[in-house]
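Please open the structure in your viewer and keep the sequence panel beside it. The tour below goes from one selection to the next and says what is found at each stop.

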Amino acid sequence: MAATDIARQVGEGCRTVPLAGHVGFDSLPDQLVNKSVSQGFCFNILCVGETGLGKSTLMDTLFNTKFEGEPATHTQPGVQLRSNTYDLQESNVGLKLTIVSTVGFGDQINKEDSYKPIVEFIDAQFEAYLQEELKIRRVLHTYHDSRIHACLYFIAPTGHSLKSLDLVTMKKLDSKAHLPFAVIGSTEELKIGNKMMKARQYPWGTVQVENEAHCDFVKLREMLIRVNMEDLREQTHSRHYELYRRCKLEEMGFKDTDPDSKPFSLQETYEAKRNEFLGELQKKEEEMRQMFVQRVKEKEAELKEAEKELHEKFDRLKKLHQDEKKKLEDKKKSLDDEVNAFKQRKTAAELLQSQGSQAGGSQTLKRDKEKKNFF
């Protein structure tokens, strides 16, 4: 029997019965309060606005303290989100407060994509919580929940219409914050009448921070901290995070019902996705194997073609070498023949010269002899 059928039967068969005496489960709300107080609370605020609009001052005023932080400049190359976490204590209630500020928002010449880092940051916190929730061994009771519970968007009090940057950003954040407030923040106290009050002095007069006739600071504080803080935390979890979780799981292929609109368990979905993934993996593995075999064949063909070209080149060089060798041998033979012929001519010339010398000497001796006989 499916779990949904069991739950339906339990709901249909539920009866209200009276108690004969005190049992004690009426202390459950007190137990819940004690548990919550012992665990403490966390609250995360995202402050969006241009540099110099008083975001840090308002946070100091809201929580009646001085948060230390690095001052922002107007020279940031892009929008960066800076997160600071503080441990606050009021009576016996502990609060882990995280303030996220948008450093460099609105300081760029091209402000078209200034909202993207903000939306990506909000979704990244949802994604981090989802990944922790999907773990087999979860530690959500000690996990630092960084999901944004409230986003305060600061608008410059120019008195003119909203900037295009404000309109685009607030439209992108529309599903995550609601009401506009005109707020003045100040950590300085001025003497007004006989009392010291938090106020801000202007050339045209004094604005009292906690005077509802002057600004909406008290309404904002009541709405944000004293009345709706837990509602904001619950809305973040039950509405915004659940919407992100549902869309993310649907993108991953998880569904509550099958194509026939029948209940579909997470295990069945997981097995179906696992089988689908294994099928795709085997398909890709076969494609990669075929691709590898094809590339090996192509490489073998390239190597054979290169080997053939090398053999042809070797044969050409060998034939050229043989031809050159034959030419050199023929030339050497010709030179040898010329040398032999030259030697023969030289020998003949020397012989003729020797014979001529002998003949000349005989004739000289003969003339000398004839001359002696004459005398």
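Before the first selection, one cut-off is needed: a residue is called buried when its relative accessible area is under 20%, and exposed when that value is over 50%. Bear in mind throughout that this is a predicted model.

Begin with helix H6 (217–227), and colour Phe217, Val218, Leu220, Arg221 and Leu224, which are the buried residues in H6. These residues lie on the same side of H6, because they cover an arc of only 155° around the axis. Now turn to the face of H6 directed away from that buried side, where Arg226 and Val227 are exposed. To see what covers the buried residues of H6, add E1, H3, E4 and helix H7 (229–251), which are included in that cover.

Next, keep H6 on display and select H3, residues 55–62. The two helices, H3 and H6, pack with their axes 11 Å apart and at an angle of about 70°, which makes H3 roughly perpendicular to H6. Show side chains at this contact: H3 contributes Leu58, Thr61 and Leu62, while H6 contributes Phe217, Leu220, Arg221, Leu224 and Ile225. By type, the residues of the contact between H3 and H6 are six nonpolar, one polar and one charged.

From there, widen the selection to the largest nonpolar core, which has 22 residues and in which Phe43, Ile45, Met59 and Leu97 are those with the most contacts. Strand E1 (41–48), helix H3, strand E3 (93–103), strand E4 (150–153) and helix H6 are the elements that each give two or more residues to this core, and H6 gives the most, with four.

Which residues is Leu97 in contact with, leaving aside its neighbours within four places in sequence? Centre the view on Leu97, and the contacts to look for are Phe43, Ile45, Phe63, Phe67, Asn84, Thr85, Tyr86 and Leu88. Apart from this core there lies another, of 20 residues, with Val119, Ile122, Ile148 and Tyr153 among them.

For the last stop, select helix H5, residues 164–172, and mark its buried residues, Leu165, Asp166 and Thr169. Viewed down the axis of H5, these buried residues fall within an arc of 95°, so they line one face of the helix. Ser164 and Lys171, on the other side of H5, are exposed. Finally, display E1, helix H4 (116–133) and E4, against which the buried residues of H5 pack.

Key
Residues numbered from 1 in each chain as written. Predicted model: local features only at pLDDT ≥ 70, side-chain atom pairs only at ≥ 80, totals over all residues. Heavy atoms only, no water. Core = buried A, V, L, I, M, F, W, Y, C linked by side-chain atoms within 4.5 Å. Buried < 20%, exposed > 50% of the residue type's maximum accessible area, 1.4 Å probe, protein only. Contact = heavy atoms within 4.5 Å. Arc of directions from axis to C-beta. Axes fitted to C-alpha atoms, helices over the stretch in contact; angles between N-to-C directions. Parallel < 35°, antiparallel > 145°, perpendicular 65-115°, else oblique. Nonpolar A, V, L, I, M, F, W, Y, C, P; charged D, E, K, R; others polar.
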